[in-house]
Amino acid sequence: MTPEALLREIEHGSEDSVVGLLAGASEAQRKAASAAVIARCERGIEPYLRQGLTAAQARRVMFEWAGINRKLDFRPLLALIGTGTFGEIKRYGVETPAKTYDVLAARKPKWIEQWCKWILGVNPLGWPVVRRLVREGLCERPDSDEYYLLMIHGGEFGFARKLLENDPGLLDHEVWELFRRQGIREASLGQDYGGWSDALVALSAQGRISRDRLLDASLEALELPFKPYHTTWYRNFHEALKPTIDERAARLPLYLALSSSAVPATLKFALKAIGIMEKAGALPLDALLDSAGPALNGKEKGAASTVLRLLERAAASNPACQERVAELAAAALEHPAADVQASAFELLQRLGPATANGKALVTQRLELASAPVRRRAEAWLGSGNTIEIERYTPAWSMPDSLASESAIRPITDVEELVLTMTRVMNQGGPPDDVERVLDGVSRLCAERPARFDDLTSSLRSQVSKMLAEDYVPRIAGVFSVQWLMTQLAAAWLFEKMAIKLGDGPLLLHAALGVRPYWVAGRAKRRKARGLLSAPTHGGGWLDPVALVQRLTGGVAVDRDELEADLIQALFRLAPGRRNEALDAARDLRGESGDVLRYALGADCAARGKSALWIAATEARKPGHREYRLTWGPDKYDPTALSASMSIEPQPIQDVLRLADLFAAETQHLKKALFSLSWTETNPILRAGSAGPDLLAWASLVWPGNREGWCALGAFRIANNLDWSSANWSNRVFLAVFEDRYCEMGRMAHVLLAVGLMAREATEFDMARDGLIRIIGDGRLQCDRLGGALAGLFASGVVRGARLAKALTETARVSGRHADAVRQVIECALGSGLPARPADQSALLEAFLEACTASGAGPASGDLRRLLESVSGSGKGPKLARSLLALRV
Amino acid sequence: MAATALSYTYRYAGASEVEAAPGSSQLRLATQVLDGGPRLFLRGRLVSPKRSGELLLALMEVVDARFHIPGAMLSRILRLADPVVTCGTERLRFEAFSQCCGAYARVDLLEEAVDGELVNPGTTNVDFNSPMRAGLARLSDSSPALLTVGADRVELESSRAQVVERKVKLPERWLRGFVEVQAFQARMQPVFTATGGALRRLLQELRSPKGTSFVSPAGPAIRVHSSAQPGAVAVGGIERLKVLGRAARHADRVEVFADEATGASAWSVYTPDSRFHYVLSPEPSRGFSGEGQALEALALGGGGAMGAVRSALRWQSRIDPAGISEASMHSREEVNRALAACAASGLVGFDLADRAFFHRELPFDLSLIDKHQSRLVNARKLTEDEAVELDAVDQAWVTSGGNRYRVWLGPAPRCTCPWVAKHGSSRGPCKHILAVMAIQSKGEG
């Protein structure tokens, strides 16, 4: 074979003729021809280069895709496989044309194992070539998952039988590896298009593959740590073999081992097999008793119930094992499902009177049992009621927001400012420290202590990098806490200014950017001044006396800045120390003094309608606003909740009121540009896409009035209840329940109700923890929460299971919590039971738990009549009857 | 600095197996064949085979676990490393470290769990394979199970035995983490204890919220909170606790520990005759190796008591610092510092239940760790380049990368670098702080 001859076949011959010519060539001849073949391949990439691909890309695709209406030409590729090095072949893509085997079989290159390993990793369709090479003894069998698992890839539907019949050698080794290796993305028995289960069953029926070994292998596969999805095939396959009772009995240790599987479906499968053997009388008692524990200690209701039934039958036929059965049944009293606990208790009762040992065992396990089961068990044991009964009544008064333990220490020097600013920049908060840094820059921007450059060296370096990378938006405001810190530092250290003020109706981030704009401007000019609005206590509170002192010692400053700063300060005035502050403000001059005295409660009227006076009016006594949220099925997805919000009398969100005030008074707007209609639009637009750090900082704008904040939070969470979009910011709203100064108004309860239905685990946990907290400190209004829940159920969209779980977990905290939950559910059910039976029984079960724990049945006549109307033999009606049986 | 890996060859005298015979089982644990020839460590009988089997299965779950897969990780992950077994006085210990380097587990079989004879104390690797896993699942309390750890020459010459060899690349990150986790444990404080039932209920109801959860006792139960509470332990990636499922089935009680500075937690599950210790890094994406807790010990070395401590190591299950101090005339502080240095070098482990170190020597060449601890290397370079300028008491300036950093030592060291700004002290000291500590320590020396 000469290079010219090979090239002639590539150009004018066929694949067969190329292969035929290569077949007789020596390795030296192949090597001599390889340069010419590569040159020929390189000519082939030209059309792809014209389409804009790079040479490397073109080489990779040239044998995969020829273009529209063009046929792929594999002759050059076959020639390359027959002449090139392994490295050269790899450059030209991963295709394995039909004749690949013939070329490799003739050539028998030294790198053939490497080629096999490589092709299996990049092209599943290469498996047939590799298999044939292995079968013909031309290469070692690769020990890789790809080799074994790609056997099941591709092919037409049901191809497995044909493959195994045509290549029976696979039955000796390869097939068994399928039971030891978990599927990979390209090939998994999870979707058995090839019909492997049917094929192996058929071949075993013909005696061509060992049935015993298949039965063993399918069970052993279930013992391996495969992902749950990959285990389905093995269970189904095992059952498809229809094992006889004797075959199962012979494999009892395997089934027993699987009865402790962490995969629920495998556990169920094993218990079913054990149940079959038990019915057939083929299950030794010891084996059952040994294997019962894991199912009773697990969380699967079905598995635990199955085992309890098996144990009961065992105890009935073997009285000697009753003590051991009682021990196991007692363990099931700790199962999370109340049904299982009840079944376990009933089994204990049927086993006979409790011995002293048995009593101790049961008593130990009752701590975690549900209240109804605990009551019954205690009555049976004669041990008296251990359930603590305590009534819940709301009783809360706002703690002192100016308590010394929440006082904020201002930053004292440049060293501390550098450390704090760097930390807040890198961590995105916390909000109190954002304010400390803003105030720190404002007050200390003119100071240049010794070695100032050294001290700020690292901060400069970090800020320089961020400024170089950062896209500076052309719209107003601040975009994240990190961005804010960067811009403050840029102004302070580099005299650069990027924060802009808005010139139209503002979004949240623009409103938050107003004060930083003024501070950065002064920092650039080294004009220091303390901020009026810097909080003195955590959570954004400002001591009125401190504000008076700040105004008294005031420094001349731009009027617009003073107004913006004073407006924010007014919104932060704490309710305490106002009389003392009013006294101290007696001598304050100018409009600022008048405004402040009015805000503090001076006996005078407001003297204006500007933003400053409006803020003072709100600080003096927050106005009443009616927030209304309504919900129903989403018009595009009836299974999802859609919420809408309206606010009366003024359609303005409290926290965004600040934005409008700034817009109106500090931006020199023409009134025509500032349209009230903006404020009626979707609140989501107004809050924008603020990240969690910015939202958390925004919560400090008006700490004294949370209703608008809660309304916005409820609106946003309700519109994402099923977590259709990953909106991580929404959980910031749920942190309001940790704010011990927050009075729980109507919207706060609506926010709580929505949170308790949330699908996202953290939102749900925060809402549940919030409920527990506000019961603990007496802030919960049961009728408000119950009413909000009733409204949500009326939408017909929300599910009761999540809510029931939260309420049950809350009820278990203490007797007081149980009583609060009882009252909440009583109110929630006041307007009717949820429509869906599953929701009904979930809520009734939680109600029963709460009522039993609090020692009080449903009190309301309407509710009792409602429960009496629930008829039938299902779980819901049974629960209704149990509730009616409770003492009121 | 490119990631480094230690090429390591596991060479076992056969494969570990559970051989089932009518009425009994034999659990043979194959250990490393050492240069000095085969070694038999222990021979005996498992008193509670089912329980011991389940604890070892739980350990295997940790070996296989990857709770976090970095975005760049595309290829399928193979199991890297086998557990380490220590046969010492009073305890048979099996240690494992997850592939993601964020979870450490140790099974301690107490004297009550194994009725047998300690033939040779020591630490070595032990082969854990899939067939053995299946065999462990089939152990039952109704039939006795014999146990051998290692093999003597006679057993090796039997027809069954053939050497099993497996080459792996152990990432430096994995090795460092295995060592670092001892420093974490030594700092941890017990926070609360709960019953076995409470632990089982917690695991049964465990959800998988993102981020960090907080757990605290609530009456008879353990409650999970979404935010920090007084007396609550932070657990990042709480779904990692599911590994405790098998151990929890046998638990009488669980003791929960926390390292407040870093957010790491530890769960010690007590059964009648054994313990399962499970230590979690602050978050799934954070392995123990980057946490820098052992850095201080490595940077400052073991001090003058190192020799005395090393010579006192005799495979004891509980090292007595007071006894060493008395015997060697070194102060308790010096002995503790030397023990910390031994832990950082893999020579001792820490037992949370006993609140004491125990002797075991990790069977890896750990000189790699010191060489490639990047922060330590960088700190040393700073001192060599004379980049540290001591200023006042416990204060210094450090020049690095064109910037100047201000460092304050003391009980809560600080630095103006972005690393400390972001992480605080949760990941150990930065290189600047380490450099200043080293210079100051030299000065004191």
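**View 1. The interface between chain B and chain A in the predicted model.** In this interface, 47 residues of chain B are in contact with 52 residues of chain A. The area buried between the two chains is about 4300 Å², and carbon and sulfur atoms give 48% of it. On the chain B side, the residues that lose the most area to chain A are B:R201, B:Q204 and B:R207, which together account for 16% of what that side buries.

**View 2. Salt bridges and polar contacts between chain B and chain A.** Eight salt bridges are found across the interface of chain B and chain A; one of them joins B:E389 to A:R451, with the closest N and O atoms 3.0 Å apart. Between these chains, 23 residue pairs are in polar contact, both residues being at pLDDT 80 or more. Elements that give two or more residues to the side of chain B touching chain A include the helices α1 (49-64), α2 (130-137) and α5 (196-204) and the strand β23 (403-408) of chain B. By class, that side of chain B has 20 charged, 14 nonpolar and 13 polar residues.

**View 3. The largest nonpolar core and the surroundings of A:L780.** The largest nonpolar core holds 149 residues, of which A:M485, A:W492, A:L570 and A:L780 touch the most other members. Helix α30 (residues 481-494) of chain A gives this core its largest share, ten residues. Leaving aside residues up to four places away in sequence, A:L780 touches A:Y392, A:P394, A:H749, A:L771, A:I774, A:I775, A:L785, A:A820 and A:V824.

**View 4. Another nonpolar core, apart from the largest one.** This core has 125 residues, among them A:Y147, A:Y148, A:F179 and A:L189.

Methods
Residues are numbered from 1 along each chain as its sequence is written. Chains are lettered from A and ligands numbered from 1 in the order in which they are written. This is a predicted model: local features need pLDDT of at least 70, side-chain atom pairs count only at pLDDT 80 or more; totals for chains, interfaces and linings use all residues. Side-chain values use heavy atoms; hydrogens and water are left out. Contact means heavy atoms within 4.5 Å. Buried area is the accessible area (1.4 Å probe) that two parts lose on being put together, summed over both. A salt bridge is a side-chain nitrogen of Lys or Arg within 4 Å of a carboxyl oxygen of Asp or Glu. A polar contact is a pair of N or O atoms within 3.5 Å; within protein, one must be able to donate a hydrogen and the other to accept it, and residues adjacent in sequence count only if both atoms are side-chain atoms. Helices (H or I, at least four residues) and strands (E, at least two) are DSSP runs, numbered from the N terminus. Ala, Val, Leu, Ile, Met, Phe, Trp, Tyr, Cys and Pro count as nonpolar, Asp, Glu, Lys and Arg as charged, and the others, Gly among them, as polar. A nonpolar core is a set of buried Ala, Val, Leu, Ile, Met, Phe, Trp, Tyr and Cys residues joined through side-chain atoms within 4.5 Å. Buried means under 20% relative accessible area, exposed over 50%, partly exposed in between (1.4 Å probe, protein chains only).
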